[in-house]
Amino acid sequence: MSDFMIRDLLAGKVAEGSQITIKGWVRTRRDSKAGFSFVGVHDGSSFDPIQVLAENTLPNYESEILKLTTACAVIVKGELVPSPAQGQALEIKATSVEVVGWVEEPDTYPMAPKRHSMEYLREQAHLRPRTNIIGAVTRVRHTLAQAVHRYFDQRGFFWIHTPIITASDAEGAGAMFRVSTLDLANLPRTQSGAVDFSQDFFGREAHLTVSGQLNVEAYCLAMSKVYTFGPTFRAENSNTSRHLAEFWMIEPEIAFADLSADADLAEDFLKYIFTALLDERPDDMAFFNKFVDKGCIERLESFVKSSFERVEYTEAVKILEAAAKTQKFEFPVAWGTDLQSEHERYLTEKHFKKPVVVMNYPKEIKAFYMRLNDDGRTVAAMDVLAPGIGEIIGGSQREERLDVLDARILEGGLELEDYWWYRDLRRFGTVPHAGFGLGFERTINYATGIENIRDVIPFPRTPRNADF
RNA sequence: UCCGGCGUAGCUCAGUGGUAGAGCGAUCGGCUGUUAACCGAUUGGUCGUAAGUUCGAAUCUUACCGCCGGAGCCA
């Protein structure tokens, strides 16, 4: 008698008639006065639970089985048999049902077998993985993460564990969380009265990273093809369905590459991970397609079949200016300003009706490290826009010329010394290189149709919320 | 951070100045090779917190706390 995951039983990987053991939690119990009960048992390995037939000849039928409620932990031994009724091909005819853990006070167990609001489930973050929807999200998140690593590994990329703590106080992208061991109630001061960070743990100010990009560039210029995939922290006071204070980001970086190669990589990468998801999680995707977002499977299938449209920013502005004559935009369109989400949605949903890569933006609205184009007014930046969500990837070719990089740093009012090692990369064997950033949670939102980013990460951290 | 909305039973909500309600859940019973079953009964509340107006406040006022949506920032 061997242990099996319910997934393997339902997939037909175990012969009918086999003696088996399963370990899991009760989802539902239905009793028949004919002298038996049906117990749905779930172990997280698949969307569907397996049905256990428990007859009143079992010694603990009256004393325990008839008292099982949702979430009781059980070990079931029995025979895998064909089911005589509709609804499932196989079931387990139990020879023993051992109750490992009971549910105290079933009337107040927070996860009733009914539909709960997503807001309520967030308040029960420790119990919500037991629900159909969060269980499905969990498997999808895992499958996408595995697909990310497999894609890069098979193409010779190295996964670089860039630091979580950074002593660089000049990463640029938004507010940062401070990392310190100083006693907040008794801060050391310098003679001028400022906080004396030389006495802090790192001997200087330190923060949680907002991006692994600058660090990963160093490894790119040695290992050729690299990526980061890890947590990222932003201390912005953002209260939206698309922002987290702690989220996971994927940032590939490739050497001897220009913006076009970067866009090629983004397109191939996204199609790969979404194809893997459709292939490997059909049951979970069917659930999302039925109960969460009726178009999500078709949207993904269409996404992986499309060839991405590529358009210059300048050209995109012309398209939008022409469209503005017949289409009302809340915000005006003009060369030199960033595209609003309504503009991005128009391009990808109405005009091209497919994923779009917008390339070469005005330098004033983009970061200092993006490569200055020959026209002197644009940089080699790109955004990948997808129907139904808008921006899903932001990337660029990096400025590899030291003199141009220095000028851009100074233009931005930044200090050269703060970027000394980043600048070194341009002094010693510099090459054209490029990369992009993909928000992992936003990718899951897009794939599943779940609207709120707090529902696709196990324990969300947002302003005023770090419970659990 | 700004704008808007919402806090009533375990959950989802109704109740807009006069005895606190429904559905679901849970519990008990009935029925059924059942499928988030079905039928009946039972259970269930400091109406977010504090102060105020009033003969009387879930309901009106003020403050605070929390949550949701949109905007900005971005991934």
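**Helices and RNA in a predicted model**

Guide: The axes of helix α6 (residues 282-292) and helix α7 (residues 296-305) come within 8 Å and cross at roughly 120°. Helices here are DSSP runs of H or I with at least four residues, and strands are runs of E with at least two. Axes are lines fitted to C-alpha atoms, and angles run from 0 to 180 degrees. The model is predicted, with local features requiring pLDDT of at least 70, side-chain atom pairs 80 or more, and totals for interfaces using all residues. Residues are numbered from 1 along each chain, chains are lettered from A, and hydrogens and water are left out of side-chain values.

Visitor: Why are α6 and α7 called oblique to each other?

Guide: Under 35 degrees counts as roughly parallel, over 145 as roughly antiparallel, 65 to 115 as roughly perpendicular and the rest as oblique. The angle of roughly 120° fits none of the named ranges, and α6 and α7 are therefore oblique.

Visitor: Which residues make α6 and α7 meet?

Guide: Met285, Ala286, Phe288 and Asn289 of α6 meet Cys296, Ile297 and Leu300 of α7, where contact means heavy atoms within 4.5 Å. By class these residues are 6 nonpolar, 1 polar and no charged. Ala, Val, Leu, Ile, Met, Phe, Trp, Tyr, Cys and Pro count as nonpolar, Asp, Glu, Lys and Arg as charged, and the others as polar.

Visitor: What makes α10 and α11 roughly antiparallel?

Guide: Helix α10 (residues 402-411) and helix α11 (residues 420-427) cross at roughly 155°, with axes that come within 9 Å. This angle lies in the antiparallel range, and the pair is therefore described as roughly antiparallel. Leu402, Leu405, Asp406 and Ile409 of α10 meet Tyr422, Arg423, Arg426 and Arg427 of α11. This contact divides into 4 nonpolar, no polar and 4 charged residues.

Visitor: Why are α5 and α12 called oblique?

Guide: Helix α5 (residues 259-280) and helix α12 (residues 440-448) pack at about 50°, with their axes 12 Å apart. The angle falls outside the named ranges, and the two are therefore oblique. On α5 the contact is made by Ile273, Phe274 and Leu277, and on α12 by Thr443, Tyr446 and Ala447.

Visitor: How do you know that arginine 30 makes a polar contact with RNA strand B?

Guide: A polar contact is a pair of N or O atoms within 3.5 Å. A polar side-chain atom of arginine 30 lies 2.7 Å from a base oxygen of the strand. For phosphate oxygens, the distances are 2.4 Å from an N or O atom in the side chain of asparagine 237 and 2.7 Å from a polar side-chain atom of asparagine 452.

Visitor: What makes up the surface near RNA strand B?

Guide: Its residues are 14 nonpolar, 19 polar and 15 charged, near meaning a heavy atom within 4 Å. The largest share, 4 residues, comes from β2. Of the 48 residues around the strand, Asp31, Gln86, Glu91, Thr240 and Arg442 come nearest.

Methods:
Polar contact = N/O pair within 3.5 Å; in protein donor to acceptor, adjacent residues only side chain to side chain.
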